[in-house]
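Dear colleague,

I am handing over the structure we spoke about, and I would be glad if you could look through it alongside the notes below.

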Number of protein chains: 2
Amino acid sequence: MPPRRGQQLVQSLERGLAALEMALDGNVRPSHVAEALGIDRSTAYRLLYTLMAKGYLLQDERTREFTSNPAKFFQLYGKVATLLDWSDVAGDFLTRLRDQSGETANLGVRQANNVIYIAHKPGQAALSVNFALGTSRPLHCSALGKALLAAQPDAVTAEWVASAALTSYTAKTITEPSRLKRHLERVRVEGYAVDDEETFAGVRCIAAPIHDHRAQVIAALGISGPTTRITHEQLPHFAQNVMQVAAQLSAELGAPVAEL
Amino acid sequence: MPPRRGQQLVQSLERGLAALEMALDGNVRPSHVAEALGIDRSTAYRLLYTLMAKGYLLQDERTREFTSNPAKFFQLYGKVATLLDWSDVAGDFLTRLRDQSGETANLGVRQANNVIYIAHKPGQAALSVNFALGTSRPLHCSALGKALLAAQPDAVTAEWVASAALTSYTAKTITEPSRLKRHLERVRVEGYAVDDEETFAGVRCIAAPIHDHRAQVIAALGISGPTTRITHEQLPHFAQNVMQVAAQLSAELGAPVAEL
DNA sequence: CCCTCGTGTTGCGTAATTCGCACATGCAGC
DNA sequence: GCTGCATGTGCGAATTACGCAACACGAGGG
């Protein structure tokens with residue numbers, strides 16, 4: 001057993017990163033950061049100033065507001081090449097899924113308690129689901145998220161379900177731990193997950209897991225569309241389609257062929 | 001006059017960011033970071049651990065190495081929407097320039113003493129210049145960089161030229177401050193910058209500045225190709241092409257129409 | 001098999017670093 | 001001008017982070 005992990009975090013770094021993320025959500029001023037983090041204005045200022053000196057933030061000469069430095073983040077992101085590569089690999093499959101289903105196809109990975117959308121092909125219908133890349137959504141109410149959750153070992157899922165904050169977004173969001181647990185078991189059995197207006201009213205999504213060469217689940221692939229087109233009657237048909245393309249993408253990544 | 005800026009940086013945050021950037025350049029271990037930053041292993045470990053706790057890094061269960069968390073960076077980058085938008089706006093112009101010139105077209109912005117490539121269209125010839133988005137290159141020896149430098153007020157340029165480290169990459173790299181200063185003056189007069197094998201032997205680049213609606217230079221657009229195709233005879237012709245498309249992009253951004 | 005070396009990880013005391021207070025400065029609005 | 005409000009900056013106090021030292025563990029060699 002590996003030694004149990006420490007829990008003492010470096011406070012200044014922790015606060016600095018929090019300030020950085022605040023700046024990414026919109027321009028910030030020392031007073032805002034100070035209030036949000038419960039620290040003194042001067043401390044907040046020094047954190048922001050340090051972030052600026054290291055190139056992460058810029059300061060508007062006139063308004064004195066601190067703003068994120070896009071170029072810096074682009075540079076950092078450029079070094080994390082894997083996801084760009086991902087888009088390249090998955091692009092064809094997303095297009096195929098989009099064209100076959102007629103709906104927006106998207107691909108996401110897990111990041112803490114969220115799914116991050118890392119690639120997509122927006123649907124071409126007048127009414128289509130659309131959102132920016134990099135968007136994050138809760139695991140428990142998105143199809144991609146549930147597909148990822150269901151792929152975990154039972155014990156892990158049980159613990160997560162018990163401790164997670166199951167925020168409600170619509171009347172249909174599953175907020176009861178026990179119900180979510182049963183729901184996820186069914187997802188695993190069926191091989192696909194459905195978000196039935198649990199995040200946005202009028203939007204239904206279907207997703208299936210993607211496996212890598214070690215049969216590990218590393219991402220999820222799915223479609224999102226209006227309930228008027230993804231009807232309950234059509235749902236199984238769409239689900240077959242999603243699972244099929246997900247299996248193809250998994251195969252492309254070298255996953256051992258399980259079923260099909 | 002605004003109060004003169006402080007110079008005291010928050011040490012822990014500074015070191016933490018340094019550790020983070022090391023991790024982005026490849027997996028790191030506490031001992032590596034400690035040695036590189038001249039700090040104790042335990043300190044390096046705590047920084048890395050904090051970065052992991054906040055989602056920036058992951059730790060391999062087996063090798064204990066810390067590695068960057070791509071999903072986190074994608075999420076952060078997704079919040080900095082401007083550059084993605086940029087690619088959308090500039091995409092058509094890059095394609096146009098690529099098709100007209102037959103060479104790789106690229107767009108970059110300044111980040112400290114570097115140019116960051118934020119969008120490009122690789123040339124389709126068998127022998128074409130190609131590199132990943134997010135790459136950075138020194139200002140003084142790249143065409144994009146020189147186009148950006150030349151757009152500054154004289155005093156700023158003079159100071160920069162005097163204090164910058166003009167590293168040599170090829171025999172043709174300009175490393176003398178006075179010569180670079182004269183060179184940049186000529187760039188401004190002519191309206192375009194040339195990198196004549198100053199970064200890579202056999203590669204010639206041409207670039208021109210992009211102005212926004214306030215006539216501020218915010219980026220540079222250019223082409224890169226082998227010296228066998230971008231010959232000295234053809235250079236003026238290519239330059240006209242680059243300047244023309246740069247002017248079109250500037251106009252698209254609402255820049256006041258100056259010449260042409 | 002033991003011994004050594006190197007590394008990840010943690011406890012602890014010290015001292016350096018950071019924090020918050022207080023103030024100077026600048027700016028907007030009455 | 002005066003008042004309110006925010007940014008930016010000394011400075012002393014003490015919290016915080018740092019380095020030392022030690023433990024656990026694995027690799028490699030004798």
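What follows is a short account of what was found, starting with the two chains and going on to the pocket and the domains.

Please keep in mind throughout that this is a predicted model. Chain B can be laid on chain A with an RMSD of 0.1 Å, by a turn of 179° and a shift of 0.0 Å along the axis, and the two copies are thus related as by a two-fold rotation axis. Within chain B, the residue that comes closest to this rotation axis is B:L13, whose C-alpha lies at 2.3 Å. As for how the chains meet, 98% of the interface residues of chain B are also interface residues in chain A, so the copies meet through the same surface.

The largest pocket has a volume of about 1,700 Å³, and its lining is made up of 40 residues, of which A:L58, B:R110, B:Q216, B:V217 and B:I218 lie nearest its centre. The elements that give two or more residues to this lining are, in chain A, β1 (57-59), β2 (66-68) and α4 (70-79), and, in chain B, α5 (81-101), β3 (104-111) and β8 (217-226). The largest share, 4 residues, comes from α5(B). By residue class, the lining of the largest pocket divides into 19 nonpolar, 11 polar and 10 charged residues.

Finally, the domain assignment of chain A gives domain 1 (11-77) and domain 2 (81-252), and the centres of these two domains of chain A, taken over C-alpha atoms, are separated by 33 Å.

With best wishes

Technical notes: Residues numbered from 1 in each chain as written. Chains lettered and ligands numbered in written order. Predicted model: local features only at pLDDT ≥ 70, side-chain atom pairs only at ≥ 80, totals over all residues. Heavy atoms only, no water. Least-squares fit on C-alpha atoms with pLDDT ≥ 70 in both. Contact = heavy atoms within 4.5 Å. 1 Å grid on protein atoms, 1.4 Å probe; cavity = no way out; pocket = protein on both sides within 12 Å on 5 of 7 lines; lining within 4 Å. Points joined across faces, edges and corners; volume = space filled by probe spheres on them. Nonpolar A, V, L, I, M, F, W, Y, C, P; charged D, E, K, R; others polar. Domains from an automatic or database assignment.
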